[in-house]
Amino acid sequence: MPLLQGRSSSPNACDGDLIIVQEKYNALTPVVLRAGSFLNNRYGRFAHDDVIGHPLGRRWEAKSHPGTGSGTQACAGFVHALKPTPELWSLAMFHRTQIVYPHDSAVITLFLDLRPGQVLIESGTGSGSASVAFARAVAPLGQVRSFEFHKPRADAAQKDFRALGLEHVVKVTGGVDVVKQGFLGVNDGEADAVFLDLPAPYLMGEEVARVLKPNGTVCTFSPCLEQVQKSAEMFRKGPFHSVRTVTAPVRTYETREQILGTPGFDELQESQKDVANPALNDESSRHRKRQRIELSGSTRRKLKTAGAERLEMADKNDGRHDGRVIRVAARLHSRPFSSMKGHTSYLTFARRKRGNVKASPNNGAGPKLLLGDAKSGADGSGISRRESCIIS
Ligand SMILES: C[S@@+](CC[C@H](N)C(=O)[O-])C[C@H]1O[C@@H](n2cnc3c(N)ncnc32)[C@H](O)[C@@H]1O
């Protein structure tokens with residue numbers, strides 16, 4: 001069951017497949033299924049054989065509870081066995097670097113205009129989170145060609161892509177400094193899109209212009225505005241148009257059912273009786289006001305559970321409590337999570353200009369652009385690294 005359809009045609013999980021095990025909504029682990037093996041965690045001992053041959057997206061019951069050895073089914077826990085998606089993978093994967101989270105890769109995929117069959121050039125690969133999202137967009141016939149300076153990191157990412165069944169879509173070139181060496185092996189005008197998650201994307205203008213098709217798109221992922229400024233400057237002076245910067249902040253909400261403590265009207269009424277009584281003198285009024293505050297303070301604590309108790313009573317008594325019909329006070333409440341995962345950055349997009357390319361001396365007015373003579377380029381766009389040119 002690869003991440004993308006292709007390697008296995010079976011709808012069921014197979015021996016050797018990588019799946020995502022969800023223990024809690026925020027606890028996800030990648031597991032490679034092996035016949036005869038077991039997964040052990042705090043919820044129990046899980047037989048891989050219970051998943052192999054079955055569809056994913058289901059509850060996976062433990063054979064025994066941790067610590068009970070061959071305990072009974074009744075005391076064992078459960079997890080969910082899920083099919084990997086780029087979104088789940090980003091949360092379950094081992095983070096070797098900062099990663100691009102799904103809400104950002106969704107926006108990047110949209111504005112890069114990524115579609116099946118396209119070629120995307122990326123650097124750096126990092127942990128491979130963004131690469132997996134892009135791979136889904138361009139698969140099955142497109143390609144993600146990813147460049148990573150750090151060789152062991154590149155190898156680890158390539159291993160992950162193989163495990164996910166993506167080796168036919170994503171190819172990593174490790175040990176390459178793209179700022180100095182460029183996108184090695186990529187032909188002029190070969191790329192539909194370029195994605196840069198690097199410390200200095202603003203040094204890549206020439207190389208991006210070389211590999212992009214006319215009207216191809218580029219995105220730089222920058223954590224700070226200084227980088228954005230420099231990248232925008234590079235795009236403005238180079239053969240690019242439609243420069244824009246966006247952010248995609250995420251705000252997730254938790255929704256839970258709460259039973260509200262309904263006000264204790266009986267007690268409140270008693271304590272408020274005198275408030276509107278004009279016959280009371282000032283001193284007495286102040287005293288009673290103090291009493292009221294104290295009383296409502298103490299009853300407030302009691303009332304926290306009052307709603308729950310009344311509901312329980314009403315449940316047993318046909319919706320009535322003390323002879324009165326009571327209102328059900330259970331409500332759904334949503335509020336933003338206090339901590340949210342999302343390494344959000346500034347996303348700066350631009351498009352490669354179409355049009356004539358003419359040779360021009362670089363007079364130091366902007367980044368030198370290595371564009372080409374009109375006959376070169378994979379698509380005849382006339383872009384190569386051989387001459388220094390600008391687009392008119
Ligand atoms: C923040 S990580 C990329 C994370 C990746 N986008 C993801 O979603 O997992 C940046 C990566 O760029 C690599 N890098 C930095 N400078 C580079 C360069 N000049 N050439 C190639 N890779 C570079 C780093 O080694 C690092 O792994």
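**Note on the predicted model**

1. Start with Asp113. Asp113 is partly exposed, because 15 other C-beta atoms lie within 10 Å, and a residue counts as buried only from 20 upward and as exposed at 12 or fewer. The residue belongs to the loop between α2 and β7. Its phi is near 65°, a positive value in a residue other than glycine. Keep in mind that this is a predicted model.

2. Asn215 also deserves a look. Its phi is positive, about 70°, although Asn215 is not a glycine. Asn215 sits in strand β11. It is partly exposed, since 14 other C-beta atoms lie within 10 Å.

3. Two cis peptide bonds should be checked. One joins Ser123 and Gly124, with omega about -10°. Gly124 is in the loop between β7 and α3. Gly124 is also listed with the closest residues to the ligand. Another cis bond joins Ala139 and Pro140, with omega about 5°. Pro140 is in the loop between α3 and β8.

4. Now the ligand. The shell around it has 23 residues. Gly124, Gly126, Ser127, Ser129 and Phe149 are the closest. By class, ten are nonpolar, nine polar and four charged. Three elements each supply at least two shell residues: α3 (129-138), β8 (143-148) and α5 (178-181).

5. The main sheet is open and has seven strands. Their order is β9-β8-β7-β10-β11-β17-β12, and the pairing is mixed. β9 (170-174) and β12 (240-246) stand at the edges. Each has a single partner strand, so one side of each is left without a neighbour in the sheet. On average, neighbouring strands here are turned by 15° against each other, direction ignored.

6. Within this sheet, consider β7 and β8. β7 covers residues 119-123 and runs parallel to β8, with five bridges joining the two. Glu122 stands opposite Ser146 of β8.

7. Which helices lie across these strands? Helix α2 (residues 102-111) lies across β10 (191-196), β11 (212-222), β12 and β17 (346-352). It runs at about 15° to β17. Helix α3 lies across β7, β8, β9 and β10, and runs at about 160° to β8. α3 and β8 also both contribute to the ligand shell.

8. The UniProt record, an unreviewed entry, places the feature "binding site" at Glu148, Asp177 and Asp197. These positions are spread over 50 residues of sequence, yet they cluster in space. The largest C-alpha distance is 13.0 Å.

9. Are Glu148 and Asp177 buried or exposed? Glu148 counts as buried, because it has 27 C-beta neighbours inside 10 Å. Asp177 counts as partly exposed, because it has 13 such neighbours inside 10 Å. Their settings are as follows. Glu148 is found in strand β8. Asp177 lies in the loop between β9 and α5.

10. What does Glu148 contact, leaving aside neighbours within four places in sequence? Its partners are Gly124, Thr125, Arg153, Ala154, Ala157, Val172 and Gly174. One of them, Gly124, follows Ser123 across a cis peptide bond. Two others, Val172 and Gly174, fall in the range of edge strand β9 (170-174).

11. Turn to the strands early in the chain. β1 (residues 18-24) and β2 (residues 27-32) run antiparallel, joined by six bridges. They form a hairpin with two residues between them. Lys24 stands opposite Ala27 of β2. β1 also pairs with β6 (residues 78-82), again in the antiparallel sense, over three bridges. In that pair, Leu82 of β6 is the bridge partner of Ile20.

12. Finally, Val51. It is found in the loop between β4 (44-47) and β5 (58-61). Although in a loop, Val51 is buried, because 22 other C-beta atoms lie within 10 Å. Leaving aside neighbours within four places in sequence, its contacts are Ala13, Ile19, Leu33, Trp60 and Ala81. Val51 and Ala13 are 38 residues apart in sequence, but 6.6 Å apart in space, C-alpha to C-alpha. Among these contacts, Ile19 falls within β1 (residues 18-24), and Ala81 falls within β6 (residues 78-82).

Key
Residues are numbered from 1 along each chain as its sequence is written. This is a predicted model: local features need pLDDT of at least 70, side-chain atom pairs count only at pLDDT 80 or more; totals for chains, interfaces and linings use all residues. A residue is near a molecule or strand if its C-beta atom, placed from the backbone, lies within 6 Å of it. Helices (H or I, at least four residues) and strands (E, at least two) are DSSP runs, numbered from the N terminus. Ala, Val, Leu, Ile, Met, Phe, Trp, Tyr, Cys and Pro count as nonpolar, Asp, Glu, Lys and Arg as charged, and the others, Gly among them, as polar. Two strands pair if DSSP finds at least two bridges between them. Axes are lines fitted to C-alpha atoms, for helices over the stretch in contact, and angles run from 0 to 180 degrees between N-to-C directions. Two residues are in contact if their C-beta atoms, placed from the backbone, lie within 7 Å. UniProt positions are given in the numbering used here, feature names are shortened, and annotations may be inferred rather than shown by experiment.
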